[in-house]
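Grab a coffee and work through a few short exercises on the chain shown here. Try each one yourself before reading the solution.

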Amino acid sequence: MERVGIVGVPPLAVIAEINQQGHTILDLDEPQVTASIDQSAPFIPRVYCAILRTVVLNALHLKLDRIVIDVGPGKCDCALHVSEVLEDMLGIPILRTRNQDTASFGTPLCTAEIPLMEKFCRITQGVQSAAPYEPLSPCEPTCGFWGVPPRDFSLLAPFPDTTHVFGWTRCMENKTPADLELEKVVDLSIPTVFFAQSFCAKSALAKLLASKHPRAIAIDCDVTPGSSTRAKIEAFLELSGIEPKRSSN
Amino acid sequence: MILADFGTSYCKIFEPEKETEPRIVPTRSLPRDFKADLATGHNAARRSFKSINELTALARGGRSIIEEEDFVLLDCGSRDIKFVRFADGEVVDMGWNAECGASMGFTIELLATYYQIDYKSLPVPSTGFSITCGVLGMSHIFDAVVSGASEAEAVAKFVRGIALNAYRFAKEPERLYLSGGLCDNPLFVRSFPCDVIPLGRFILLEGLLSTLKET
């Protein structure tokens, strides 16, 4: 049995094949090791997308047999360049995919009433499987979160369970990561936080969509959310009449 | 009911049932067991029964004090700066910079004490230092003094650079409402390249009062 690292959302057929072969999938976009992210610095600049820095950090520590990295319009140019770094670093096969799947898999988690952190965990885990989703009832949304899964999910802690998820995360659950039209879908009737990782090209889209939304804020965050970022989210929720969840007080 | 804005250097405390004016207490003089009913600011969560964050307090305070639908309110504290922008009576943008705005108010006060400078007597210099924060900016003062500038002139350039930095952080509005302890520093207020309306240092307390009325 092989250990296969994945980056982004590889095409469904590729995931299905890995599942059928019984290999273990490791999502390199998420922190899998407790080592300092600065250990990636000899291979990738410090001023770079924290998710791709995490990919490199994971690849350094996890014993992988191969990596499947999506480098097409469903991911980003930076992933294409990082695939070169990984190839040079590791000496294992690097399969570059360009996921342009168009079959909608559905987005039940994005609209369900579930704590937002759990929602994101389940959406990102869903990438590792080609199995159909369990049906879930959609909830009435009170808030929106648009963007990619953040490098640090603690960013999601203040949001209410009735937060609907938009942006690339919704494309991710739908297994159509290159679907720009779906990525642009927002709900103008609910206050929405538009999020992008610092240094990510998607921050331009986040800013554009936020500027056209009647009740929105655009934020970005690098490795972990600082007190300023947390305060902005908290204040935005409070001023929108939503009680943010707090870890203390 | 005790309301408190727990600043890094000074705490602003108000008991609406007992007092007509808030009082200012140096943070280091505050009894360790002092606890407010509703508070904001540094340590608010630890020192109060209920707290709201500073941006929320600033926005609510601004909305209750400023009789306009569209405005920018910038709060310059001891160690951070924050702003809210309103359009059509709603908050449409905000920012809180605890990193690059680091120690601005604290540093300005520290410099006045160290160099024995009265900011009321200093003219606004024609140029300022290009600086990113209080701490990093101090090296410009040392360099200028070594190059022959007077201490007062160098500090004035530093203050102007800090004001410009804060103005840019607030996204360069034509008119700016200013809150926080630096409202009392005429050099700082006059160093902004836009109209500035100082509101004093109790805007966050106003935000707490608004919060009380809302709940």
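The exercises below go from the whole chain down to one sheet and then to the contact between domains, and the model is a predicted one.

**Exercise 1. Work out how compact chain A is for its length.**

Solution. Start with the inventory: chain A has 8 helices and 8 strands. Next, take the radius of gyration, which is 18 Å; the globule rule also gives 18 Å for 249 residues, so chain A is as compact as a globular protein of that length. For outer dimensions, picture the C-alpha atoms in a box of roughly 55 × 40 × 35 Å along the principal axes. Then check the inside: 46% of the 249 residues count as buried. Finally, look at contacts between residues at least 6 apart in sequence: 67% of them join residues at least 24 apart.

**Exercise 2. Find the order of the strands in the open sheet of chain A, and say which strands sit at its edges.**

Solution. Lay the 4 strands out side by side and you get β2-β1-β3-β4, with parallel pairing. Now look for strands that pair on one side only: those are β2 (24-27) and β4 (94-97) of chain A, the edge strands. Going from one strand to the next, the twist averages 25°.

Zoom in on one pair. Strand β3 (residues 66-70) of chain A joins β4(A) over 4 bridges, in the parallel sense. To get your bearings there, find A:V68, which stands opposite A:L95 in β4(A).

**Exercise 3. Identify the strands that helix α3 of chain A lies across.**

Solution. Helix α3 covers residues 77-90 of chain A. Follow the helix over the sheet and you cross β1 (3-7), β3 and β4 of chain A. For the direction, compare the helix with β3(A): the angle is about 165°.

**Exercise 4. Describe the side of domain 1 of chain A that touches domain 2 of chain A.**

Solution. Set the bounds to begin with: the domain assignment gives domain 1 as 3-97 and domain 2 as 109-239. Their C-alpha centres lie 22 Å apart. Count who takes part: 22 residues from domain 1 of chain A and 16 residues from domain 2 of chain A make up the contact.

Now sort the domain 1 side by element. α1 (12-20), β2 and α2 (50-61) of chain A each supply at least two residues. The largest share, 4 residues, comes from α1(A). Last, sort that side by chemistry: 14 residues are nonpolar, 5 polar and 3 charged.

Key: Residues are numbered from 1 along each chain as its sequence is written. Chains are lettered from A and ligands numbered from 1 in the order in which they are written. This is a predicted model: local features need pLDDT of at least 70, side-chain atom pairs count only at pLDDT 80 or more; totals for chains, interfaces and linings use all residues. Two strands pair if DSSP finds at least two bridges between them. Axes are lines fitted to C-alpha atoms, for helices over the stretch in contact, and angles run from 0 to 180 degrees between N-to-C directions. Two residues are in contact if their C-beta atoms, placed from the backbone, lie within 7 Å. Domain bounds come from an automatic or database domain assignment. Ala, Val, Leu, Ile, Met, Phe, Trp, Tyr, Cys and Pro count as nonpolar, Asp, Glu, Lys and Arg as charged, and the others, Gly among them, as polar. The radius of gyration is taken over C-alpha atoms; the globule rule is 2.2 Å times the number of residues to the power 0.38. A residue is buried if 20 or more other C-beta atoms lie within 10 Å of its own, exposed if 12 or fewer, and partly exposed in between; C-beta atoms are placed from the backbone.
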